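Me: I am new to this structure and would like a close look at a single part of it, the enclosed empty space inside. Please take it step by step.

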Amino acid sequence: MTLTRRTLAILVSALVLPGAAMAQPEANWPGRPIKWVVPFPPGGAMDAIARTLGEQAARELGQPFVIENRPGAGGNIGADYVAKQPADGYTILITSIGMATNQALYSKLSYDPVKDFAPVSLLTVVPNVLVVNAAKSADKSVKDVLAHARREPGKLTYASAGNGTSIHLAGEMFASLAGLHLLHVPYKGSGPAVTDMLGGQVDLMFDSITSARPHIQSGKLRALGVTTARRSSALPDVPTIAEAGVSGYEVSPWFAVFAPAGTPAAVVARLNQVLNGAMKQPDTLKKLASVGAEPIGSTPQELAAHLGKEQDRWGRLIKERNIHLD
C-alpha cells in the first residue's frame, strides 16, 4: 500500500467510525438495565403496572427494568428528572393524566410535556368509581346523588386524593356537566380520603377502582357509577356515570410511557413492541386485572395525538373551574 493509499484509508476510517460508534448503542440496545421512573410512591396502581409490565418486558429484552419511585408535586419531580436524562433508551417514565393537566394546573413547569418527551405507548386505563358510604348514605344511584346535591347545594362533600388528581378532576367534571355545587375536600393521597369515607366524614368520592374495590366487595362502600365510557370488567354490574344520568360524562384515567425527547426511533419502536406484547400475556393480564387495570396499548403516534386531545379537554375544564395548584 502506498503512503497516499494508506493516508486515504485512514481518512475514510476517520469518517466512517464516528457514524458506526453513534449507531452502535442503538444497535446493541439494551446493553444494560433500564430505569423505569414512577413519579408516585410505591403501592399504587401506577407502581403496580410498571412492575408488572417491567417484569414481562425484561424477559423479552434480556435486561431488567429497575423501578425507581420519584414522587412529589403531582408527578412533576419524576417527569422533570426523566426529561433531563440522556436520550438513549435507558430511562423511561410511566405517567398518567398529569402529563395532560399539569401544564394548565401549574403556572410554571420545569419541563414541557410535549417538547421534552418522546411518546412510547399508552398502557392501560384504571377507571375511577363514584362511591358512597353504604351504611350512612341514603343515595343508591347517580340520580339520587344528583337530586341530593340539588336539594342541598354546596353541602354535599366529595373527597379526593389531592388537588389536581384524576379523582379531583372527576368530581369537577361531574359538577360541571350536571350543574352542581359540590364541596371538594382534598386529602394527601387516596388512603386517608378512603379512611374518612369509611368513617362517614365525607359524602362522596370518585376513587380509583384499585383502592375502592375491596371496600365495595366488603359492603362498606356502595358503587354508583364508573367514570369511563364503557363499564369496567372489574365491576361489570356498575353502570357508567353517563348511562346512569350524566350525559357526556367520561373520565378515563390512563397510564402511558414516555422517554426523553430525542430517543432513537428504533429504540422507541422496540420498547413499544415489547410493552404492547407484554400486555397480551395471560399472566400479565391477570396481574393487571387485580388492580382494575384494563390494557389498551397504542403506537407512539397515537399516544402523541391522545396527549394533545387530553391537554385541550382538561385545559378547558381547569380554566372553567378556576383550578390552580400554585
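How many cavities of 30 Å³ or more does a search of the whole structure find?

Reply: This is a predicted model, and a search of the whole structure finds two cavities of 30 Å³ or more. Rolling a probe the size of a water molecule over the atoms shows where empty space is left.

The largest cavity holds about 50 Å³ of space. Its lining consists of Pro39, Phe40, Gly74, Gly75, Ala79, Thr95, Ser96, Gly98, Met99, Asn102 and Tyr111. Sorted by class, five of these residues are nonpolar and six are polar, with no charged residues in the lining. Helix H4, which covers residues 98-105, gives the largest share of this lining, three residues.

The second largest cavity has a volume of about 30 Å³. Around this cavity stand Thr52, Glu55, Gln56, Arg59, Asp283, Thr284 and Lys287. Two helices, H2 (45-61) and H10 (282-290), each supply at least two residues of the lining. The largest share, four residues, comes from H2. By class, the lining of the second largest cavity has four charged and three polar residues, and no nonpolar ones. The lining of the largest cavity, by contrast, has no charged residues and five nonpolar ones.

To place the largest cavity, it helps to look at the sheet beside helix H4. Six strands make up an open sheet with mixed pairing, and their order is S2-S1-S3-S10-S4-S11. Strand S2 (65-69) and strand S11 (294-295) are the edge strands, each pairing on one side only. Within the sheet, strand S3 (residues 91-95) and strand S10 (residues 254-260) run antiparallel and are joined by three bridges. One pair of bridge partners is Ile94 and Val257, the latter in S10. Strands of a sheet pair through backbone hydrogen bonds, either parallel or antiparallel.

Helix H4 packs on this sheet and touches S3, S10 and strand S4 (117-125). The direction of H4 makes about 80 degrees with that of S10. Thus the helix that gives the largest share of the lining of the largest cavity also packs on the sheet. A second helix, H11 (residues 300-321), packs on the sheet as well, touching S4 and S10. The direction of H11 makes about 80 degrees with that of S4.

To sum up, the two cavities have volumes of about 50 Å³ and about 30 Å³. Helix H4 gives the largest share of the lining in the largest cavity, and H2 does so in the second largest.

How values were computed
Residues numbered from 1 in each chain as written. Predicted model: local features only at pLDDT ≥ 70, side-chain atom pairs only at ≥ 80, totals over all residues. Heavy atoms only, no water. 1 Å grid on protein atoms, 1.4 Å probe; cavity = no way out; pocket = protein on both sides within 12 Å on 5 of 7 lines; lining within 4 Å. Points joined across faces, edges and corners; volume = space filled by probe spheres on them. Nonpolar A, V, L, I, M, F, W, Y, C, P; charged D, E, K, R; others polar. Pairing = 2+ DSSP bridges. Contact = heavy atoms within 4.5 Å. Axes fitted to C-alpha atoms, helices over the stretch in contact; angles between N-to-C directions.
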